[in-house]
Amino acid sequence: MKIFHIVSNKEWGGGEQTVLDLSRRQLADGIEVELFCLPSEDIIDRFRELNVPIHVMPLHGALDFVSAWKMAQVLKHSNAHAVHAHNFKEAFTAAYARKLSGRKDIHLIMCRNLTRKGKTSLLYRWLYGQIERIVFDSQVALDTFVSSNPQISHDKLSVIFNGVVMPERIVPADVRKEFGINADEVVIMYHGRLDPEKGLDVLADALARLRKDLRFKLVLVGRGSDEYTAHLKDKAVRNGLGDKIIMAGFRNPVLPYVASCDIGVLPSVVAEGCSLAAQEHMSQGHPVIATNNGGQREYIEDGKNGILVPPGDAQALADAIERLIVDAELRKQLGRQAKADYDDHLSYERFYAKMKKIYDF
């Protein structure tokens with residue numbers, strides 16, 4: 001079996017890591033893998049470790065017929081079993097390429113890691129007819145997609161929670177030494193894109209509402225635009241949090257930093273599906289405070305393995321953070337259950353076993 005994955009983003013993120021992990025696991029399973037990538041050295045360099053063919057093309061989206069033609073030339077002479085797109089723009093290119101190649105035997109699969117309504121235009125109705133399977137990363141993502149009544153057979157749709165590959169051994173980073181955090185301070189961590197939709201402004205407002213005697217540090221791991229990063233730094237100073245928030249920047253690998261914290265926080269104000277960041281915290285036995293507006297409530301149970309709060313509610317977020325800062329036993333209790341739930345139904349091998357069946361035709 002040979003699978004072609006399409007990677008069209010310019011910057012590295014959770015989606016690209018998912019493709020890398022899946023490709024690596026497929027190769028270990030004896031499946032051949034090739035990649036279609038846009039000409040981004042940052043992206044290509046990270047995939048070179050796979051030692052597989054990487055076909056570079058513009059990948060500009062639904063009307064990029066140049067990329068479709070180039071892709072078709074590769075597919076025409078390959079023993080491809082399936083092309084795996086990771087968003088609808090890539091799926092359009094793959095659908096055109098399959099037509100141009102004359103290879104009706106190649107299957108078209110797509111993963112959908114956004115919580116958005118399905119589009120209903122004639123062009124999308126045509127595309128839905130070309131795609132054979134769409135995998136959503138949460139039930140809420142699937143339900144939101146079908147809420148607009150897109151013309152697609154529901155037999156093509158399924159839900160598989162994302163998975164995170166865990167190294168056999170993780171050596172925690174010494175964040176206390178690196179950032180000068182005292183032993184009696186609770187370490188709260190957010191890791192991911194620094195972006196307004198991630199709720200970081202709400203998080204800063206929440207921290208400003210905490211009791212002044214609480215001992216904690218918030219470590220922000222990730223990167224965003226220069227403008228938004230500067231905005232967060234200015235807001236921290238304005239809120240009197242200059243000594244409480246640490247901008248750690250991008251870290252790779254990130255798991256050693258995750259392993260070293262006490263609480264994970266995911267305050268997204270937009271509906272997300274299955275957060276890799278949440279799984280990473282759960283895998284390390286950490287309680288997660290997350291908003292309840294997306295797939296989070298499908299794997300985080302409020303008061304059992306984490307705490308859920310309404311999106312955009314700074315006071316509710318502050319209350320949840322304060323509760324976990326002051327109650328070390330509750331942190332341990334929620335963290336133990338989070339680890340147990342991760343091991344039971346969120347591990348990477350469970351994800352891969354389900355994903356492998358998607359390619360069965």
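The buried residues of helix 3 are covered by elements that include strand 1 (2-7), strand 2 (32-37), strand 4 (82-85) and helix 4 (88-101). The model is predicted. This briefing looks at helix 3, then at an open sheet of six strands, and then at helix 13, whose buried residues pack against strand 8 and strand 11, among others.

**Helix 3**

- Helix 3 covers residues 65-76, and its 12 residues should span 16 Å at 1.5 Å a residue; the end C-alpha atoms are 16 Å apart, which agrees.
- Ser67, Ala68, Met71, Ala72 and Leu75 are the buried residues of this helix.
- Because these residues cover an arc of only 140 degrees around the axis, they lie on the same side of helix 3.
- An α-helix has 3.6 residues a turn, so residues three or four places apart point the same way.
- The N-terminal end of helix 3 is capped by aspartate 64, which has a side-chain oxygen 3.3 Å from the backbone nitrogen of valine 66.

**The six-stranded sheet**

- The strands of this open sheet run in the order 10-9-8-11-12-13, and their pairing is parallel.
- Strand 10 (245-249) and strand 13 (306-309) are the edge strands, each pairing on one side only.
- From one strand to the next, the twist averages 20 degrees.
- Four bridges join strand 9 (residues 216-221) to strand 10 in the parallel sense.
- Valine 221 has glycine 249, in strand 10, as its bridge partner.
- Helix 8 (residues 200-208) packs on the sheet, where it touches strand 8 (186-191), strand 9, strand 10 and strand 11 (263-266).
- The direction of helix 8 makes about 170 degrees with that of strand 9.

**Helix 13**

- Helix 13 (residues 328-345) has 18 residues and reaches 26 Å from its first C-alpha to its last, close to the 26 Å expected at 1.5 Å a residue.
- Its buried residues are Leu330, Arg331, Leu334, Gly335, Ala338, Asp341 and Tyr342.
- These residues cover an arc of only 130 degrees around the axis, so they are on the same side of helix 13.
- Lys332 and Arg336 are exposed, on the face of helix 13 turned away from its buried side.
- The buried residues of helix 13 pack against two strands named above for the sheet, strand 8 and strand 11, and also against strand 13, helix 11 (276-283), helix 12 (314-326) and helix 14 (348-358).
- At the start of helix 13, aspartate 327 has a side-chain oxygen that reaches to within 3.3 Å of the backbone nitrogen of glutamate 329.

How values were computed: Residues are numbered from 1 along each chain as its sequence is written. This is a predicted model: local features need pLDDT of at least 70, side-chain atom pairs count only at pLDDT 80 or more; totals for chains, interfaces and linings use all residues. Side-chain values use heavy atoms; hydrogens and water are left out. Two strands pair if DSSP finds at least two bridges between them. Axes are lines fitted to C-alpha atoms, for helices over the stretch in contact, and angles run from 0 to 180 degrees between N-to-C directions. Contact means heavy atoms within 4.5 Å. The expected span of a helix is 1.5 Å times one less than its number of residues. Buried means under 20% relative accessible area, exposed over 50%, partly exposed in between (1.4 Å probe, protein chains only). The arc is that of the directions from the helix axis to the C-beta atoms. A polar contact is a pair of N or O atoms within 3.5 Å; within protein, one must be able to donate a hydrogen and the other to accept it, and residues adjacent in sequence count only if both atoms are side-chain atoms.
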